[in-house]
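Me: I'd like to walk through a protein model with you, starting with the overall fold and then looking at one loop. Shall we take it step by step?

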Amino acid sequence: MATWDLTETKHHILLCNGSSCNKAGAEELTQAVRAEIMARGLDHEIHTTRTRCNGRCQDKCVLVVYPSGRWYKDLKPEDASHLISSLSNDNEKLSNKVSFQYNGIAFERTEETVIGEKKIQEKVARVTKGLSMDKQ
Ligand code: FES
């Protein structure tokens with residue numbers, strides 16, 4: 001357990017460790033990203049959190065960075081170095097791996113990213129554990 005001081009944190013990386021991403025190598029990606037951060041001495045600037053499913057399983061392995069509001073897809077452990085470089089240098093951004101980018105109003109999907117399903121209440125309730133339409 002830990003309670004970190006986040007006052008110097010500039011980037012928060014959410015590493016999807018849901019089942020689809022885990023089957024596609026999320027553990028190895030998580031370790032590679034964290035090792036890259038540590039090797040560069042950036043632990044005070046970049047905070048990481050493992051998450052459950054982020055709802056974009058076809059994009060496995062999924063990773064999200066805040067506050068830039070950038071979602072990544074198809075990430076592999078070998079992308080870790082480029083990813084960490086891209087956080088401090090926008091010219092190095094991993095354009096081919098970006099799936100969504102927040103534009104100040106909403107998330108814009110990149111061209112080759114799978115559209116995904118519209119969020120219909122019944123479907124959302126079906127895939128959300130512990131949430132049933134009866135309880136609303
Ligand atoms: S398991 Fe990663 S987005 Fe669903």
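Me: How many helices and strands does the protein chain have?
Reply: Happy to help, and please keep in mind that this is a predicted model. Along the sequence, the elements follow the pattern β-α-α-β-β-β-α-β-β-α. Counting them up, the protein chain has four helices and six strands.

Me: What is the radius of gyration of the protein chain, and what would a compact globule have?
Reply: The C-alpha trace spans about 50 × 40 × 30 Å along its principal axes. For 136 residues, a compact globule would be near 14 Å, and the value for this chain agrees with that: 16 Å.

Me: What share of the contacts between residues at least 6 apart in sequence join residues at least 24 apart?
Reply: Let's look at burial too: 22% of the 136 residues count as buried. As for those contacts in the protein chain, the share joining residues at least 24 apart is 61%.

Me: Where is Gly25, and is this residue buried, partly exposed or exposed?
Reply: Gly25 sits in the loop between helix 1 (19–23) and helix 2 (26–39). A residue needs 20 or more C-beta neighbours within 10 Å to be buried, and 12 or fewer to be exposed. Gly25 has 15 inside 10 Å, so this glycine counts as partly exposed.

Me: Which residues is Gly25 in contact with, leaving aside its neighbours within four places in sequence?
Reply: One partner lies 36 residues away along the chain, with 7.1 Å between its C-alpha atom and that of Gly25: this is Cys61. The full set of contacts for Gly25, with those sequence neighbours left aside, is Cys61, Lys76 and Pro77.

Terms used. Residues are numbered from 1 along each chain as its sequence is written. This is a predicted model: local features need pLDDT of at least 70, side-chain atom pairs count only at pLDDT 80 or more; totals for chains, interfaces and linings use all residues. Helices (H or I, at least four residues) and strands (E, at least two) are DSSP runs, numbered from the N terminus. The radius of gyration is taken over C-alpha atoms; the globule rule is 2.2 Å times the number of residues to the power 0.38. Two residues are in contact if their C-beta atoms, placed from the backbone, lie within 7 Å.
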